[in-house]
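Below are some notes for a colleague who is meeting this structure for the first time. Please read them with the sequence and the model side by side.

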Amino acid sequence: MSTKTGEGFSSSFGAIMAAAGSAVGLGNVWRFPYICGKYGGGAFLLVYVIFVLFIGMVLMMSEFVIGRRTGEDPMKAYTALKPHHPGWKYVGLAGLLTCFLILAIYLVISGWTLNYFWESLSGTLAGIADTGFEAHFNQFASSAGRPVLFIAIFLFLTALVIVGGVDKGIERVSKLLMPILVVLLMALCVRSMTLEGASAGLSYLFKPDFSKLTGEGVLAALGQALFSLSVGMGVMIVYGSYLPKDDNLLKTSLWITLCDFAIAIFAGIAIFPAVFACGQDPTGGPGLVYQVLPVVFNSMGTVGRLFSIIFFLLLSLAALTSAISLLEALTQWLSGDRIGRTASAIVMSLIVIILAAAASFSFGDGILSGVKIGGMQLFDLLDKLTGTILPPVCALLTIVFFGWFMNKEDIIDELSNHGTVKIGYFKVFYHFLVRIVAPLALIVVLVTGIIGN
Ligand code: TRP
């Protein structure tokens, strides 16, 4: 079976860049460093690595198999594999819904990032006193017009790439942006590590402190592993449906996982040594990037301005390739046999920007900050749903489907490219990891996380 729409990636390298582009995003540069620091540095890292390799990567491979085998969108893929059990398509639907919510909150933060890139370029940030950044961020993020303007610009760029097509748009842009991103990140790492007092930052990031690794921390590690690899919500089913037929799925999953992991670690190395070297508070949480880093950049004088531009450009590019994959999943689903790609991309963008704007208005002291849903502002609710709850639930359903309900011969056939690739280690993977370890871990962590809350 080939992709129904005729869309697809033209090469394995392009496919890896596109999927790594999806995986590498705000989650790596903005979220991973502060979560890692918060839950015990090296101790968190250890748990994180285990989740990434044994659950995240296994899920990615499963989603690729489901996607490439059927060549369908996440909903139709489940139906194609289990025609007599139509209920499974709701797993696909739940994934797509998660993508929609993630895209909304992603756009808000991407809009902030783009604004900070602009303010680094224009010199606005350089003109703010060290103590003024918190107020600057709060005032900006709580205002109505400016964040939405930047959300709209960012979404426009995202939609433009989608309209270009899978190989001529997504693949081409990812092949260009991912290497640029790595170069920018390396430049920041070198600068950060060579500052005086940088080693304190490295030990904050890497030295294990098991006392900080609570049950909540373990749940956060799993949530982050799934979020960071973009698995559990069907996006990799979508990209799987575009993968070349002769692509080695296990190898591809491994490469993407390694890229994603390495970039998260390097983001930590780019950030914490500099934060410590400048005597700033590393526990800034979500505001770290917008409130603490500008202080760090300003303390470096003129080159600081350059590094500030580099950093916010890096973050914008990372966010862009992820937003592209989210909008692509929604676009592919809507276009189906109904309307064309361009029209679906436009319709989806118009719907999602409404939710994104509402989330932005609900942030801080925004005009909708008084509106509470379940006691939470919309922004915080979306953050919680997409960060810790929905991805593990969707991931659990996906892996149970793959391990217990999908035809094993189909899986072997697809993973081995009809017997042309050796997959001797498959049995270990399948019986142990896919059927038992991954679902159990997901259940345990979900239950403890829910009870713990
Ligand atoms: N992996 C992305 C990041 O680290 C975030 C993300 C989660 C995502 N799920 C996704 C991106 C689905 C694209 C598609 O920032």
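Is A359 buried or exposed?

1. The model is a predicted one, and the question about A359 can be answered from its relative accessible area, which is 0%. Because buried here means under 20% relative accessible area, A359 counts as buried.

2. As for its surroundings, A359 belongs to helix 15, which covers residues 341-362. A359 and D380 are separated by 21 residues in sequence, while their C-alpha atoms lie 8.5 Å apart in space.

3. Turning to the ligand, one finds 16 residues around it, and the closest of these are A23, G27, Y106, F227 and S230. The residues of this shell divide into eight nonpolar and eight polar, with no charged residue among them.

4. Several backbone atoms come into polar contact with the ligand, and they can be listed by the ligand atom they face. A backbone N or O atom of F227 lies 2.7 Å from a nitrogen atom of the ligand, and a backbone N or O atom of A23 lies 3.0 Å from a nitrogen atom of the ligand. For L26, a backbone N or O atom is found 3.1 Å from an oxygen atom of the ligand. The ligand, taken alone, exposes 360 Å², and the protein buries 100% of that.

5. The space that the ligand takes is the largest cavity. The elements that each give two or more residues to the shell around the ligand are helix 1 (12-23), helix 2 (26-38), helix 5 (89-122), helix 10 (215-229) and helix 14 (302-335).

Conventions. Residues are numbered from 1 along each chain as its sequence is written. This is a predicted model: local features need pLDDT of at least 70, side-chain atom pairs count only at pLDDT 80 or more; totals for chains, interfaces and linings use all residues. Side-chain values use heavy atoms; hydrogens and water are left out. A residue is near a molecule or strand if one of its heavy atoms lies within 4 Å of it. A polar contact is a pair of N or O atoms within 3.5 Å; within protein, one must be able to donate a hydrogen and the other to accept it, and residues adjacent in sequence count only if both atoms are side-chain atoms. Accessible areas come from the Shrake-Rupley method with a 1.4 Å probe; for residues, only the protein chains shown count as cover. On a 1 Å grid over the protein atoms alone, a cavity is a set of points where a 1.4 Å probe fits but cannot get out, and a pocket is an open set with protein on both sides within 12 Å along at least five of seven lines; lining residues have an atom within 4 Å of a point. A molecule sits in a cavity or pocket if more than half of its atoms lie within 2 Å of its grid points. Helices (H or I, at least four residues) and strands (E, at least two) are DSSP runs, numbered from the N terminus. Ala, Val, Leu, Ile, Met, Phe, Trp, Tyr, Cys and Pro count as nonpolar, Asp, Glu, Lys and Arg as charged, and the others, Gly among them, as polar. Buried means under 20% relative accessible area, exposed over 50%, partly exposed in between (1.4 Å probe, protein chains only).
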